[in-house]
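This report walks a new reader through one protein chain, from a patch on the surface to the strands and the charged pairs. Please look at the sequence and the structure first, and then follow the text with both at hand.

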Amino acid sequence: MSSVFGGLHFQLVFSLHNDSDKLQKLEGGRWNCSVPHWPTLKEHFSTCNLEDDCADGRDEDDCPYSSARCGRGYLDADAQCRLRGGKLASLNKPSNWNALQYVRGLLDIVFIGLSTSPVTFPPMPDCSDNSDEQFCVHVPCDRERHFECRNGQCVKRQAVCNDANDCLDGSDENRCTVQQNFSGRQIVWPVVVKFNGYGQVEMIPLNSTHTFNNQSLECPAAHFQCPGSGYCLPVFTRCNGVYDCQGREDEAGCDHYTCPGFYRCRRSAVCLTRAEICDGVFHCPQHDDELLCDISCPSGCVCYGHAFFCEVIFQVEQFPDLRFLDASGSGMQAADVNNNTMLIYLNLDSCGLRDLSNVSLHNLHTLHLSDNYLNEITSQHLSYLSNLQHLSLAGNPLASIFPKQGAPPVLITSLHTLDLSRVKMSQFHMSILIPFPSIRILNLSDCEVDTLSTDDFKTPASLHVMDVRGCPLTYFPRDVLQDLEELQKIMADNYKLCCPQMLPPGFNLASCIAPSDEVSSCDNLLRSNIYRVFLAFFAALALLGNLTAFIARVLFSKMKNGFEVFTVTLCVSDFLMGVYLAIIGVADGHYLGSYLWNDVSWRRSVACKVAGFLSMTSSEVSALVVCLITLDRLLVLRFPFSRVRFSKKSGTLASGLVWVVGVVLALIPLLPPTTHWGFYSFNGICIPLPITRKEFPGHDYSFSLLIVFNFVLFMLIAVGQLLIYLSVQKNSLQHADRVTKRSSKDQRLAQRLIIIAISDFLCWFPIGLLGILSSTGVSISGEVNVAMAIFVLPLNSAINPFLYTVNKLLEKKRLEKEKRLMELLTAQLKQRAAANEQIHHAN
């Protein structure tokens, strides 16, 4: 059908088809044109319009510009226009587009040039789902000085119609007129192609030294040469979605195309040189090459577009479009940025903040307020931060972050991450999280929290990650983590938080990061059966051996000298070590299978403190007594005819002094000034050995006593034993011609003392060495602590009675046997002599 209206002819085309021939619209807005009656249906499409409406591009087939003669690029379109005596049109305004619709029916073909701005421009998101633009809140514009964009953005009046999109949606350039600039220069091959940004293409001939159709032809830097042609295209036309080369080579291999040495446009493969950025012409598809070009950077700041990193205070209100501000350590206050409503990120760490004003920053996502002097934060303070997702209050002296008394909490539903690390508090109430129902990450590291309280408040089920490293967390409800159905990761120092009994159903134990306790497990005080066996073995040896030795010494020895007194004292001190081991063993059996819920009560019980006190007393008294025994034997052997030695009386006084010293040293951690150490409550075996890098209250005292002091005693014992050995050797050489009863006895004594020295070495040297290594930073496993406490520390107490008493009993028995043999030999000699005498008389 055709008609005449207003002097213009128009034609209405229609055709009839079956439903089975109906075209299907595909994802992306294109059509599936592979149907039997496409030649007829083609009449209903806008063919030859430089746009592929069909998925296979068949609507652009057989067009003048798609022939082998001219290709499908802007350059060939420009050439066609020149051959026809015209220039490329620049369609960058609605009126131009409307005019095109009019002339399309009058002309065989229309070529459209590049435009400086499209008819409409949506906001330019960085996220593919536009989520980074959906939450933005724009402040109303001052219409006298600013132009309000369609998306609510405010730009200066001078920015309107300046041939650059200052509005993100390009609305400041939509109603402007652009004068066409046509050039009639003759093309001389080969040429460098230059786009002026208004739809015209300028051909600049290469230097005469270059030749065409020569493999050595090189285009200028930052240009791409179309293979087999004389075009040198700017690098930004490479992989920009438009065919510019005749053979379409500029759009080939774009999936792997990179921009080495160039600026890559946002969300595209288009590359630009430095000269093409901020040159007033849009080269990037999203026009990001012309963004942030007129921003000045304050003194003392480093700026990257709308992102400022500042070390000094500056006039922030002069930069209303500021998006990112890191002013940590600058001394800037929260009130200074109250008018910067476009801020997304704000860092005011270490700025001396003492109060957080009611800052209204509705677009703010991340707020860092660490290491300031804030002592109170309420949900009311955050009520004007409606889009806040990440909040850091680390290192502030916060007394509380509860809502104010009498005021209902203001819910901050957007907050996902709350950092309260290094905020010193002994208790953490889960009710703090009431204003944050969507909290996912909670950081309480190094807060020294001892008690975790629910206060009848159900922990937010949305919590994913919880970091409580650096917190002892001694007291917490059994079900504090049970309701956290979405909990995915825990980081803690207390192994009990990673026990299956504590975690919600289905929690992956590999995601609970906590050092295992070197002594205990979730079920038992002693985590290994090997520990139990050796504990029982050493306890039996120490108790039975020392009790037997004590009875033997007291009942069957006359205790005539200091050595006998010292030996009895050693039996008593070593017996106490056996009592300590027995207490630990009984506690392990009592809490078998349920230690997790009794750990704190056991470690803070009187029984544990008594056990630790006995162990420390036994350890120090034994070391001092062995030192006295060595001194006594040295005086006897070195000066056999001198009276400088320990008598029974002096030995008793020395032993009493040793007991006083040992008891005082073990009692110091229990005195009022040091009770806060919890010295004997550090672990389940009630005695903290300073042989790992793990710090604990009283660590220095433990190191000074068990490492330094005992090492000094060991060195004295070792020197004394060496002098005793040398004295025995000297006596043996002097009486080499005859073996006396005295020298033989001295040699046996020296041998026993050497065995004692070796046992002391095996006991104290490993502990001292590990303590010194740990103090220098060497990593030592926590398992070593238990090994030293169960396998090494009781060693002397278990074998001393055999070295001092049992050996003496065996020696006494040997002497009695020798005496009986001598008596028997004497009797036999007498009988023989009598027999000989009788024979003599008979003869």
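Helix α5 (residues 529-556) supplies the largest share of a nonpolar patch, namely six residues, where helices are DSSP runs of H or I with at least four residues, strands are runs of E with at least two, and both are numbered from the N terminus. The patch as a whole covers about 620 Å² of surface and is made by L547, F550, I551, V554, L555, F556 and V572. Patches of this kind are built from residues with over 30% relative accessible area and no salt bridge, with nonpolar side chains (Val, Leu, Ile, Met, Phe, Trp, Tyr) joined within 5 Å and like charges within 9 Å. One of the patch residues, F556, lies in helix α5 and is exposed, with a relative accessible area of 63%; exposed means over 50%, buried under 20%, and partly exposed in between, for a 1.4 Å probe and protein chains only.

The model is a predicted one, in which local features need pLDDT of at least 70 and side-chain atom pairs count only at pLDDT 80 or more, whereas totals for chains, interfaces and linings use all residues. Residues are numbered from 1 along each chain as its sequence is written, and side-chain values use heavy atoms, with hydrogens and water left out.

Taken as a whole, the chain has 13 helices and 25 strands, and 45% of its 843 residues are buried. Its exposed area is about 44000 Å², of which carbon and sulfur atoms supply 57%, the areas coming from the Shrake-Rupley method with a 1.4 Å probe, where for residues only the protein chains shown count as cover. Of the contacts (heavy atoms within 4.5 Å) between residues at least 6 apart in sequence, 51% join residues at least 24 apart.

An open sheet of 11 strands runs in the order β13-β14-β15-β16-β17-β18-β19-β21-β23-β24-β25, with mixed pairing. Its edge strands, each pairing on one side only, are β13 (301-304) and β25 (512-513); two strands pair if DSSP finds at least two bridges between them. At one edge, β13 runs antiparallel to strand β14 (residues 307-310) and is joined to that strand by four bridges, with C301 standing opposite C310. These two strands, β13 and β14, form a hairpin with two residues between them, and G305 in the turn has a positive phi of about 65°. The next pairing, between β14 and β15, is parallel and spans three bridges, and here F308 has L325 in β15 as its bridge partner. Strand β15 (residues 324-326) is in turn joined by three bridges to strand β16 (residues 345-347), again in parallel, and D326 has N347 in β16 as its bridge partner.

Which residues does T237 contact, leaving aside its neighbours within four places in sequence? They are F195, V242, D244, D250 and E251. T237 is found in the loop between β10 (231-234) and β11 (263-264), where the residue is buried at a relative accessible area of 2%, and its side chain reaches the backbone oxygen of P234 at 2.7 Å. By comparison, R157, in the loop between β6 (154-156) and β7 (191-195), is partly exposed at 41%.

The structure holds six salt bridges, each a side-chain nitrogen of Lys or Arg within 4 Å of a carboxyl oxygen of Asp or Glu. Three of them are set out below.

| Pair | Closest N and O atoms |
|---|---|
| D371 and R422 | 2.6 Å |
| K496 and D599 | 3.0 Å |
| D588 and R532 | 2.7 Å |

D371 lies in the loop between β17 (366-368) and β18 (390-392) and R422 in the loop between β19 (417-419) and β20 (427-429), so this pair ties together parts that are 51 residues apart in sequence. D371 is partly exposed at 32% relative accessibility, and R422 is partly exposed at 35%. In the second pair, K496 is buried at 3% and D599 is buried at 5%, and K496, D599 and R603 are linked in a network of salt bridges. As for the third pair, D588 lies in helix α6 (residues 562-590) and R532 in helix α5, so parts 56 residues apart in sequence are tied together; D588 itself counts as buried, at 4% relative accessibility.

Note on methods: Polar contact = N/O pair within 3.5 Å; in protein donor to acceptor, adjacent residues only side chain to side chain.
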